[in-house]
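Please open the structure in your viewer and keep the selection tool at hand. The tour below proceeds from stop to stop, stating at each one what to select and what is found there.

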Amino acid sequence: MATAPATGPVSRDWVHVLYEVTRQFASTLELEEVLAKVLDLTARALGADAGSIFQVDADGCVTKSILARGNLPARVKKPIVAAVMRQGLAGWVYQHRQAVVIADTRTDERWHVFPDDERVTRSAMAAPLVRKGEVIGIITMMQSEPDSFTPQHLELLSAIAAQAAVAIENATLYARATAERSMLRTVIASARDVMLVTDRNDRVVLLNPAAQRTLALDESARGRPVGEVVAEPALRDLCASVEHGLREVTFGDGRVFDCSLVVVDDVGKVLGMHDISTLKHLDALKSEFVAHVAHDLRAPLGVIQGNAWLLAGLPQLESEDRGVAQEILDAIQRMRSLIDNVLDIGRIEMGIEAEFEVLDIEPVLRAVAAAVDATAREKRILLTLHSEPELPHVRGSVLRLEQAIANLVGNALKFTPSGGEVSLRAVRARDGLLVQVTDTGPGIPAAQHGRLFQKFSRLGDGREQEGNGLGLAIVKTLVEAHGGRVSVESEVGKGSVFAFSLPPYDATGE
């Protein structure tokens, strides 16, 4: 480091000095190196024999400090920082946001003298490092002789400080981005779920160890199109989508995954996969057990029902006893309805494709509307039907689709108060056909939307007309058997919209 006093005009060409400073700053993005170079280059350019630089945060607290003296390397000095920022020149510059020259430190109260400081400073100057209107640092130059710095020196120091502010900001952003990237890679690598990221051209840019294990991939998959490295056709179709998507994907070996695809504009796509094979297996066991129990209950229920009929028909029964017998028959009917629904779900899950045909959805909607018209009139609810012209045909079962739509409309009528409105609509959607049932009922809290279509799920909010919790589960099972998806939009006090989409029929089979 140069130690000759800078008593006259700046000895080196300013343009050359600033060029050299800029070049050095651009040579690295490591913050410690940048701070050291800021100090060393500035001291050499101005002929100072010592200098310091503080980096400060938005609250004026020093986050890094470097002190350089003579030919010693830059080093961190923590004990003096608080005092200097509180009552020294650096603190004054930070508070006033302006550069300053002290011709003689003995006559200027802004200079703080440390009793144990072996070095004598007689002249000094300092400038703030300002970026985007905020002071992010203070640079100070010192000399052992008075009157060592001129306004021209201060002007050059201010120019270098401006360059230093940019360099320090870039280095800080780089350090922050590096730390965040490292943290993100650690999180992704430690995740048990599959994480796969592609660029805008659907080429793999990142995959975690779980993805490598699950999809039988290795590092060679990076940079290749996802369609080439992913073997499962259903997963390839999901990755090829241009919209956000949630889908349950079954692999050829029987594994089942809950998949989520997020499309990030101008970046690419993020695929997340959670293995639900065990849960699906347990659900299948539960469904099988419930179906067996339900089937076995039909025989004793038939005996009870027959005896209840005989009991209700006895002429010697009083009216009160006859009413008890009728309550037994009503309870049996409710149990039979529950058993039929349980067995129906089992049959649907086993496969109903044998019932499929190419059909127009409009007659199905009209049949459902006609079937529930009397119920709507009785409750004084306005039931409307709307169907867009030239809707795409779908492939499915007329009976099963009527059942799904009737369940949705029946629920809407059940929970819509007298004087309300229920509408049934079929419209063309981007992915085929969309059927919507809208009501003006009490609405459903958002926290409960996720379990509406689960088996035996009830809201538990005091509704008097809640059923056995299988109606919407049947709808979901039927729609998924047709290759579609169910959805719900609802807000408390504003009604609900239950909907399902169906893929259009492709006559070419593609």
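**First stop: a sheet of five strands**

Select Val-197 and Leu-206: Val-197 stands opposite Leu-206, which belongs to strand β7. Please note that the model is a predicted one.

Now extend the selection to the strands around this pair. Strand β6, residues 194-198, runs antiparallel to β7, and three bridges join them. Both belong to an open sheet of five strands, in the order β7-β6-β10-β9-β8, with antiparallel pairing. Which strands form the edges of this sheet? They are β7 (204-207) and β8 (245-250), each of which pairs on one side only. On average, neighbouring strands of the sheet are turned by 20° against each other, direction ignored. As general background, the strands of a sheet pair through backbone hydrogen bonds, in either a parallel or an antiparallel manner.

Move next to β8 and select strand β9 (residues 256-264) with it; the two pair in the antiparallel sense over six bridges. Within this pairing, Val-249 has Phe-257 of β9 as its bridge partner. The hairpin of β8 and β9 has five residues between the strands, and there Gly-254 takes a positive phi near 100°.

**Second stop: strand β5 and its partners**

Select residues 134-143, which form strand β5. How many of its ten residues are buried? Nine of the ten are, and the strand is thus described as mostly covered.

Add strand β1 (residues 50-56), which runs antiparallel to β5 and is joined to it by six bridges. Here Phe-54 stands opposite Ile-138 in β5. Then add strand β4 (residues 123-131), also antiparallel to β5, with nine bridges between them. Arg-131 stands opposite Glu-134 of β5. In the hairpin of β4 and β5, two residues lie between the strands, and Lys-132 takes a positive phi near 55°.

**Third stop: two helices side by side**

Select helix α2 (residues 31-46) and helix α5 (residues 151-190); their axes come within 10 Å and cross at roughly 170°. The helices are therefore roughly antiparallel to each other. To display the contact, choose residues including Leu-31, Val-34, Leu-35 and Val-38 of α2, and including Leu-156, Ile-160, Ala-164 and Ile-168 of α5. The residues of this contact divide into 13 nonpolar, three polar and no charged. In general, an α-helix has 3.6 residues a turn, so residues three or four places apart point the same way.

**Fourth stop: two further helices**

In helix α4 (residues 89-96), select the buried residues: Leu-89, Ala-90, Gly-91, Trp-92 and Val-93. Just after α4 comes Arg-97, with a positive phi of about 55°.

Proceed to helix α13 (residues 471-481), whose buried residues include Leu-472, Ile-474, Val-475 and Leu-478. Gly-483 follows α13 and has a positive phi, near 80°.

**Fifth stop: the cysteines**

Select Cys-239. Is this residue buried or exposed? Cys-239 is buried, with a relative accessible area of 6%. The nearest cysteine sulfur, that of Cys-259, is 8.1 Å away, and Cys-239 is in no disulfide. The structure as a whole holds zero disulfides. Cys-61, by contrast, is partly exposed, with a relative accessible area of 42%.

**Final stop: the whole chain**

Select the entire protein chain, which contains 13 helices and 17 strands. Of its 510 residues, 40% count as buried. Among contacts between residues at least 6 apart in sequence, 59% join residues at least 24 apart.

Note on methods: Residues are numbered from 1 along each chain as its sequence is written. This is a predicted model: local features need pLDDT of at least 70, side-chain atom pairs count only at pLDDT 80 or more; totals for chains, interfaces and linings use all residues. Side-chain values use heavy atoms; hydrogens and water are left out. Buried means under 20% relative accessible area, exposed over 50%, partly exposed in between (1.4 Å probe, protein chains only). Helices (H or I, at least four residues) and strands (E, at least two) are DSSP runs, numbered from the N terminus. Two strands pair if DSSP finds at least two bridges between them. Axes are lines fitted to C-alpha atoms, for helices over the stretch in contact, and angles run from 0 to 180 degrees between N-to-C directions. Angles under 35 degrees count as roughly parallel, over 145 as roughly antiparallel, 65 to 115 as roughly perpendicular and the rest as oblique. Contact means heavy atoms within 4.5 Å. Ala, Val, Leu, Ile, Met, Phe, Trp, Tyr, Cys and Pro count as nonpolar, Asp, Glu, Lys and Arg as charged, and the others, Gly among them, as polar. A disulfide is a pair of cysteine sulfur atoms within 2.5 Å.
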